[in-house]
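Please look at the structure below with its helices in mind, and follow how they sit against their surroundings.

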Amino acid sequence: MNLSLYSVQAFVVLDTEGNRVLAKYYRSKSHPQGESKDLVSLKEQKAFEKGLWQKTKKPGGDIILYDSHLVVYKHSLDLILYFIAGPTENELMLSYALSSFTDALTMLLRNSLEKRGVLENLDLVLLCLDETIDDGIIVDTDPAAIASRVSRPRPDTTEIVINEQTIMSAYQTVKEKMQQRIGQL
């Protein structure tokens with residue numbers, strides 16, 4: 001029985017042709033089972049992703065067991081998002097984490113979870129992923145909380161316009177205050 005918090009081994013985003021858009025593989029040295037020798041090299045990762053895409057390219061499913069890995073995936077417009085875990089992990093927990101992650105991304109990308117939006121906002125996507133999963137541990141599953149911690153601060157709508165008139169007005173105010181202070185002495 002797996003009682004470890006380390007539940008996610010990888011996060012992968014593939015496009016509709018099976019090309020990698022984004023991939024992040026987790027397996028820290030502090031994991032109770034030690035560092036994994038599985039999917040270490042880029043060649044192994046690409047081969048795994050190509051085979052995974054072959055199995056999941058048609059929409060319809062959401063959980064499969066592929067190459068002794070539990071894979072939870074979700075289709076978007078032109079992307080497929082995957083959480084990959086060990087075969088003994090809780091698929092409901094992984095599915096909920098993936099749904100929360102995609103919902104948070106949808107909020108952040110303004111309902112356009114597509115390849116172009118992901119590539120243009122890669123910083124937000126990676127921050128969102130880091131807020132959801134930290135080194136293979138699922139940290140948060142609340143999409144609104146994830147999106148609020150990741151979102152960019154709104155620019156201030158009341159812009160201060162500095163021009164010659166405002167500077168002169170400030171100078172006059174300072175001059176009057178100084179004259180009042182000197183008059184009190």
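In helix 1 (residues 42–56), the buried residues, meaning those under 20% relative accessible area with a 1.4 Å probe and protein chains only, are Gln45, Phe48, Glu49, Gly51, Leu52, Trp53 and Thr56. The model is a predicted one, in which local features need pLDDT of at least 70, side-chain atom pairs count only at pLDDT 80 or more, and totals for chains, interfaces and linings use all residues. Residues are numbered from 1 along each chain as its sequence is written, and side-chain values use heavy atoms, with hydrogens and water left out. The cover over the buried residues of helix 1 includes strand 1 (8–15), strand 2 (20–25), strand 3 (63–66), strand 4 (69–75) and strand 5 (79–85), where helices (H or I, at least four residues) and strands (E, at least two) are DSSP runs numbered from the N terminus.

Turning to helix 2 (residues 91–108), its buried residues include Leu94, Leu98, Phe101 and Leu105, and the buried residues of this helix pack against strand 1, strand 4, strand 5, helix 4 (122–132), strand 7 (137–138) and helix 5.

Helix 2 and helix 5 (residues 143–150) pack at an angle of about 45°, with their axes 8 Å apart; the axes are lines fitted to C-alpha atoms over the stretch in contact, and angles run from 0 to 180 degrees between N-to-C directions. Their contact (heavy atoms within 4.5 Å) is made by Ser100, Asp103, Ala104, Met107 and Leu108 of helix 2 and by Pro143, Ala144, Ile146, Ala147 and Val150 of helix 5.

Key
Buried < 20%, exposed > 50% of the residue type's maximum accessible area, 1.4 Å probe, protein only.
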